[in-house]
Amino acid sequence: TIFRATSQWFASVDAFRADALTAIDGVSWMPAVGQNRITAMTESRSDWCISRQRTWGVPIPVFYDRDTDEVLLNQETLAHVQALFEKQGSDAWWKLSEKELLPEPYASEADKWVKGTDTMDVWFDSGASWAAVAKARPKLAYPADLYLEGSDQHRGWFQSSLLTSVAANGIAPYKAVLTHGFVLDEKGYKMSKSLGNVVDPKSVIEGGANQKKEPGYGADVLRLWVASVNYAADVCIGPSIIKQTFESYRKLRNTARFLLGNLHDFEPQSHTVPFDELPQIDRHMLGLLSQLLTEVKVAYSEYQFSRALGLVQQFVVSDLSNFYLDVGKDRLYISAPEEARRRSCQYVISASIEALAVALAPLLPHLAEDIWQNLPYEPKSKSVFQAGWPDLDAPLTDSAEWAAVRALRDEANKCIERARADKLIGASLEAKLVVHVEDEALASALSKWRGEGAAGANGVDELRFFFLTSQVELVSSADEVKERTMYSSRSEEPAATLGITKAGGTKCERCWHYHEDVASSEKYPGVCPRCADSLDLMDFPAVQLEAEPAAA
């Protein structure tokens, strides 16, 4: 092996290492471990070899005395070469003679000088991008808001940019640095053409040659996958992973379609209900929505895209679909169009769909804009990207009571499924739920939602609607629950005993709830008082029952 000693150009880091370490402390590193990595690498660095012996690259614009190797490099020579590069590019160094590259008075003695053949270290080249790009363009900012690259760049671009900027100006070239892992195939292997495991983003968006086997999912689904993964580590992608992501996308889109479909006759200017006049479940839902927007905004500001998406998905699936909309379908479908209980639900739906569109816009721009353009009323802005962040400041109240209701719903559903399996009931509206809550304060709080006959009843905040049963009764002991029901279940949090038995009364022909007073309306026989009132508000014609034929 032959080793050749070659003269090199070095930049000393010792003189400004302390300033560089101070600058590192003033930068936001995401993930935080990035700060430890670049600090350790900077602490151990004393100098930087900035020259390379290559036939390509940006030349180091230095001249040498042909006899003594004395270096010629000053402001005049640099300015002249810079002007040439600006007009002809850096290739001018290789194309032009020393006489053309040197300014006067050096050009007149060009035979004395020879141009250098060393090129600049590419890391020095890219590390000066803060000057050539960010600082040189009026519409950009220096320091930059964010530097984004792979986790291997703490030794490369992040460090070279830091050192050049601190050496020149005493500050870091960036306010924040975010690092990401690398994309692997579905089995966790590095992608390679030779292995045939490369996933082409275009094929995910548009599909492959065989659309049945390789369907196109659109750009939003690919973006949804990106938003769902922990980008700080290496991530996997493949057909089955994209298919699962598509199912998550469909859930979001289908929920949005349902929300939009129930706003067909809603006009915000005339149908918005003041917060203090909303039923408690609607106020609770707006409180959850306000909390969601706050948390999502924080997640975006910290570049935690997977957290932002997770919060939105949890809200859509758990809070909206599985609870609020499940409960709200009854009043949306049964109430007269102008009834307050329906308009209040529509107001919550309107606030929810607008907030979801804005919250999803950075991740799923096509879906968000699709939602915005299909709002059945005139929104405040023409595009979701002009809307700004929603200004919703609704307090989250009665959290313990609502958490208890949702936990008890899960236990009640278990009892209902057992009753269905044994053919005691069919639909959940054929059931009556009997509940004993051990915590007296919680039991008292839940009692305000007893429903008909209770003080302040509004036809919305009723336990029977929350549990999707025809009746709910709160009793004083667990033994009473067991004695009066055929199926019972124990809840640990909150501590309660629940039981299911058949609902009393007669089935309403319109809403299918069982009620003790179905036959009292002469105008609308066969329906419960609630439905009779709604039909009357809609000016529905009276129903005339045909007389049964006389017996022969």
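**Entry 1: Arg307**

A helix here is a DSSP run of at least four residues marked H or I, and helices are numbered from the N terminus. With that in hand, I looked up Arg307 in this predicted model and found the residue in helix H14, which covers residues 305-334.

Is Arg307 buried or exposed? I noted a relative accessible area of 40% for Arg307, so the residue is partly exposed. The label fits because partly exposed lies between under 20% for buried and over 50% for exposed.

Next I asked which residues Arg307 touches, leaving aside those up to four places away in sequence. I wrote down Glu295 and Ala299. I also checked Pro362, which is 55 residues from Arg307 along the chain. Their C-alpha atoms are separated by 13 Å.

**Entry 2: helices H1 and H2**

I then turned to a pair of packed helices. Two packed helices are described by the angle between their axes and the distance between the axes. For H1 (residues 17-25) and H2 (residues 33-43), I noted an angle of about 175° and axes 10 Å apart. H1 is therefore roughly antiparallel to H2, because angles over 145 degrees count that way.

Who makes the contact? From H1, I listed Arg17, Ala20, Leu21, Ile24 and Asp25. From H2, I listed Gln35, Ile38, Thr39, Thr42 and Glu43.

**Entry 3: a patch on the surface**

Last, I looked at a nonpolar surface patch of about 310 Å². Trp56, Val122 and Trp123 make this patch. I picked out Val122, which lies in helix H6 (residues 122-127). Val122 has 35% relative accessibility, so I filed this residue as partly exposed.

Technical notes
Residues are numbered from 1 along each chain as its sequence is written. This is a predicted model: local features need pLDDT of at least 70, side-chain atom pairs count only at pLDDT 80 or more; totals for chains, interfaces and linings use all residues. Side-chain values use heavy atoms; hydrogens and water are left out. Patches are made of residues with over 30% relative accessible area and no salt bridge: like charges are joined within 9 Å, nonpolar side chains (Val, Leu, Ile, Met, Phe, Trp, Tyr) within 5 Å. Accessible areas come from the Shrake-Rupley method with a 1.4 Å probe; for residues, only the protein chains shown count as cover. A salt bridge is a side-chain nitrogen of Lys or Arg within 4 Å of a carboxyl oxygen of Asp or Glu. Helices (H or I, at least four residues) and strands (E, at least two) are DSSP runs, numbered from the N terminus. Buried means under 20% relative accessible area, exposed over 50%, partly exposed in between (1.4 Å probe, protein chains only). Contact means heavy atoms within 4.5 Å. Axes are lines fitted to C-alpha atoms, for helices over the stretch in contact, and angles run from 0 to 180 degrees between N-to-C directions. Angles under 35 degrees count as roughly parallel, over 145 as roughly antiparallel, 65 to 115 as roughly perpendicular and the rest as oblique.
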